[in-house]
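Thanks for coming. Please have the structure open while I talk.

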Amino acid sequence: MTMKILIVDDKPENLYLLESLLKGSGYETISAVNGAEALGLAKKNKPDIIITDILMPVMDGYALCNECKKDSELKSIPIIFYTATYTHPKDMEFGLSLGACKFIIKPQDPEILLKDIETVLQQVNKSELPAAAPLSVDAFSLKEYNSVLIRKLEDKMVQTAENEKKLKEYISELERTLEQKRIAEEKLHKSESQLRSVWDNSFDGMRLIDDRGLIVRVNDAFCRLVEMEEADLLGNPACVFFVESDRDKVQQKLVEIMNAREIEPLIERKIHLFNGKKIWVEISNCYIDTDYGTLLLSIMRDITKKKEMVENLILAKEKAEEMNKLKSSFLANMSHELRTPLIGILGFSEILHEDTDDPEIRRLGKTIFESGKRLLSTLNSILNLSRIESGKFELKYEEINLNSLLAETVALFEEQAKAKDLFLDANIMSKVNCISCDYTLFIQVLNNLVHNAIKYTDEGGVTISVCDIPDDENYIRISVQDSGIGIKKEDFGLIWEEFRQVSEGLGRSYEGTGLGLTLTKRFIEHIHGRISFESEIGKGSVFTVEIPVRRLDN
């Protein structure tokens, strides 16, 4: 015969768990949600055992137990208290004093709970349970009953408050988690939208291929680049747009490199398309690990026009270099051809000037001689420029005494300075007396700077200074300072150019070929020196040369 058990609990989840456990063990169950309902069911169905919670609405477990023990038909039914709320020793004593046969604390191991139920039922069958006498009102002490209920209600309220606090904390944490998830999803959605926008609107072609070398995705720019439709590309080999003769070879190589993860991140290559067209592309590659495997993203940019421009620039550069060599060769040849007859003109004009008594002829001879000297200086400058540009300017190093050199320079230009009522001073403030340099080159550099300073100065004068460079004993500094007209800032870059002057054209104020500073800069760079200047309109200029004290081969 199947044993019938009445379960009493106000929580549906507790009823469900007990019903599942007991039915699974072969018992028949009846359920009630409070003591009053249970009392009615017990009178109607008379269960073999009652398992009840204690703290319930309408009628609690203690009252149910007391009512059952007072009822002549129900007093023999064993009652088990199964509670999580009543854990004080007095709770158990009070419950047992009401006639309960067992007091079990939740949660209990299912096997132990079933064993306790089985033990009680066996005792019922063997009539081993003590008979429960009806309780009087005195025995069922209302004072004690109320005390227990009040204490347990207080404990229940504390526990409920703690549970509510934990529930609020859990809900708050859950809300934070959900908010963070929402923000993360929004960011992800925004990032995906941005990526999609970049993919769709990029001017560069983009292609994704899988580890088999098959095209997974392409954008519109890629289709335009290779001149194929998207449907003809997707699912096909990555090199489907190559000319047929190159297709298989390039595809096999691409798959090998991709699987070995040896593909170059940035390359330039020429592609022969299927339609015969040839293009240059710059390809940026990167691997992307996904849930579906490793993909290769290739971003391709058409650089055909750039390549053509570079090739044209290289050709133009080579042509310009060739023309420059021809120019240098022409200047050198012409300088030699002009120099030979010019020497004769200078010689005869000097004789004409010195050996005649006719003043007019002497004047004409002097004019021819001075003009010839000026033309010879110009030819020498052109010849030197062509020698430097052609790389045929050979340096001859020797010891140069700075004191003697400056004295010679001052003596050379002293008359020219006096003619313009200018002072010409030289100051040596260096510990170095001698340097190793090409004498001809060095004297020409110094003469060019002093000549220009006097030429462009109408008042004041020119000062030549020699001094050491702090923290650099390998170089010495030579400065030529004037109080001349100065140079405009917008013309600073102009003065180093060949055949250029600040004052140009037919109405220029100063004579000259425009080669003096050009040669000076080339000479200084030829001996690994440095040249710079400072200038201000109306206040003058300072040209500074820093040259090695000793020969520098590198």
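I will start with the whole chain and then turn to one sheet. This is a predicted model, where local features need pLDDT of at least 70, side-chain atom pairs count only at pLDDT 80 or more, and totals for chains, interfaces and linings use all residues. Residues are numbered from 1 along each chain as its sequence is written, and side-chain values use heavy atoms, with hydrogens and water left out.

The chain has 14 helices and 17 strands. These are DSSP runs numbered from the N terminus: helices are H or I with at least four residues, strands are E with at least two. Of its 554 residues, 38% count as buried, meaning under 20% relative accessible area with a 1.4 Å probe, protein chains only. About 33300 Å² of the chain is exposed, and 53% of that comes from carbon and sulfur atoms; the areas come from the Shrake-Rupley method with a 1.4 Å probe.

On contacts, meaning heavy atoms within 4.5 Å: among those in the chain with a separation of 6 or more, 62% are between residues 24 or more positions apart.

Now the sheet. In what order do the five strands lie? The order is S2-S1-S3-S4-S5, in an open sheet with parallel pairing. Strand S2 (28–32) and strand S5 (102–105) are the edges, each pairing on one side only. From one strand to the next, the twist averages 20 degrees.

Two strands pair if DSSP finds at least two bridges between them. Strand S4 (residues 79–83) runs parallel to S5, joined by four bridges. Ile 80 has Lys 102 in S5 as its bridge partner.

Finally, helix H5 (residues 110–125) lies across strand S1 (4–8), strand S3 (49–52), S4 and S5. H5 runs at about 145 degrees to S3; axes are lines fitted to C-alpha atoms, for helices over the stretch in contact, and angles run from 0 to 180 degrees between N-to-C directions.

Terms used:
Buried < 20%, exposed > 50% of the residue type's maximum accessible area, 1.4 Å probe, protein only.
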